[in-house]
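Q: Could you go through the assignments in this structure with me, and show in each case how the computed value leads to the term that is used?

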Amino acid sequence: MTVTLPCDIAVDENDSEKLKILIQQNIPKIASALVGDLQWYSENAQLNENSFRVKSVEQVTTNRFKMFYDFEWNLFSPCLDLNEVTRREEQVTFNVHAGALHFEVVDNQRPGTADEL
């Protein structure tokens, strides 16, 4: 699945630090796609707002980069006496195009009951 982040970027941009700052400033626009479906862990799992952190961006090839990031999610269930916060580290590759970054996100939506049949 491709997630597009529209931004003012040149197609030949190769400054990893500039890309890191640009992505961090716009992370709310793509955060839910980068986190994916936390329902895999629990129905009570929720992303902690403002916990996204772009750790680094590395160039792989021309116009292709890998971003390392982390975020926190919370699992709260008073019935089970749970209130856990977990920091998860992930990585994603993306391509630089004129006016946009295209992230190659793995689609991890939890299958529904109909998908099991």
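Q: How many salt bridges are counted in this predicted model?
A: The count comes to seven salt bridges in the predicted model, among them a pair formed by the side chains of Asp-70 and Arg-53.

Q: What makes the pair Asp-70 and Arg-53 a salt bridge?
A: The criterion asks for a side-chain nitrogen of Lys or Arg within 4 Å of a carboxyl oxygen of Asp or Glu, and the side chains of Asp-70 and Arg-53 meet at 2.4 Å, N to O, so the pair satisfies the definition. Asp-70 belongs to strand 4 and Arg-53 to strand 3, and therefore the pair ties together parts that are 17 residues apart in sequence. In the backbone, too, Asp-70 of strand 4 is the bridge partner of Arg-53.

Q: Why is Asp-70 called buried, and why is Arg-53 called partly exposed?
A: Buried means under 20% relative accessible area, and Asp-70 has a relative accessibility of 0%, so Asp-70 counts as buried. Arg-53 has a relative accessible area of 42%, and because the partly exposed class lies between the 20% and 50% limits, that value places Arg-53 in it.

Q: How do you know that Lys-55 and Glu-89 form a salt bridge, and which class of exposure does each residue fall into?
A: Their side chains meet at 3.2 Å, N to O, which is within the 4 Å cut-off, so the pair qualifies. The pair links distant parts of the chain, with Lys-55 in strand 3 and Glu-89 in strand 5, 34 residues apart. Lys-55 is partly exposed at 37% relative accessible area, whereas Glu-89, at 57%, counts as exposed because the limit for that class is over 50%.

Q: What makes Glu-72 and Arg-87 a salt bridge, and which residues make up the network that includes them?
A: The side chains of Glu-72 and Arg-87 meet at 3.2 Å, N to O, so this pair also falls within 4 Å. Glu-72 lies in strand 4 and Arg-87 in strand 5, so the pair ties together parts that are 15 residues apart in sequence. Glu-72 is partly exposed at 25% relative accessibility, and Arg-87 is partly exposed with a relative accessible area of 35%. Arg-53, Asp-70, Glu-72 and Arg-87 are linked in a network of salt bridges.

Q: Why are strand 3 and strand 4 said to pair, and which other strands pair with strand 4?
A: Pairing needs at least two bridges, and seven bridges join strand 3 (residues 53–61) to strand 4 (residues 64–77), so the two antiparallel strands meet the criterion. One further contribution to this pairing is Ser-56, whose bridge partner in strand 4 is Phe-68. Strand 4 also pairs with strand 5 (residues 82–97) in the antiparallel sense over 14 bridges, and with strand 2 (residues 45–47), again antiparallel, over three bridges.

Q: Which residues in the turns of the two hairpins have a positive phi?
A: Strand 3 and strand 4 form a hairpin with two residues between them, where Asn-63 in the turn has a positive phi of about 65°. Strand 4 and strand 5 form a hairpin with four residues between them, where Asp-81 in the turn has a positive phi of about 55°.

Q: Why is Ser-77 called buried?
A: Ser-77, found in strand 4, has 8% relative accessibility, and because this is under 20%, Ser-77 counts as buried. Leaving aside neighbours within four places in sequence, Ser-77 is in contact with Asn-44 and Leu-82.

Q: How many residues does the largest nonpolar core have, and which element gives the most to it?
A: The largest nonpolar core has 30 residues, and those with the most contacts inside it include Leu-101 and Phe-94. Strand 4 gives the most to this core, with six residues.

Q: Where is confidence lowest, and where is it highest?
A: Confidence is lowest in helix 3 (residues 113–116), at a mean pLDDT of 53, and highest in strand 3, at 95. Where pLDDT is low, the predicted coordinates should not be read in detail.

Key: Residues numbered from 1 in each chain as written. Predicted model: local features only at pLDDT ≥ 70, side-chain atom pairs only at ≥ 80, totals over all residues. Heavy atoms only, no water. pLDDT = per-residue confidence, 0-100. Core = buried A, V, L, I, M, F, W, Y, C linked by side-chain atoms within 4.5 Å. Buried < 20%, exposed > 50% of the residue type's maximum accessible area, 1.4 Å probe, protein only. Contact = heavy atoms within 4.5 Å.
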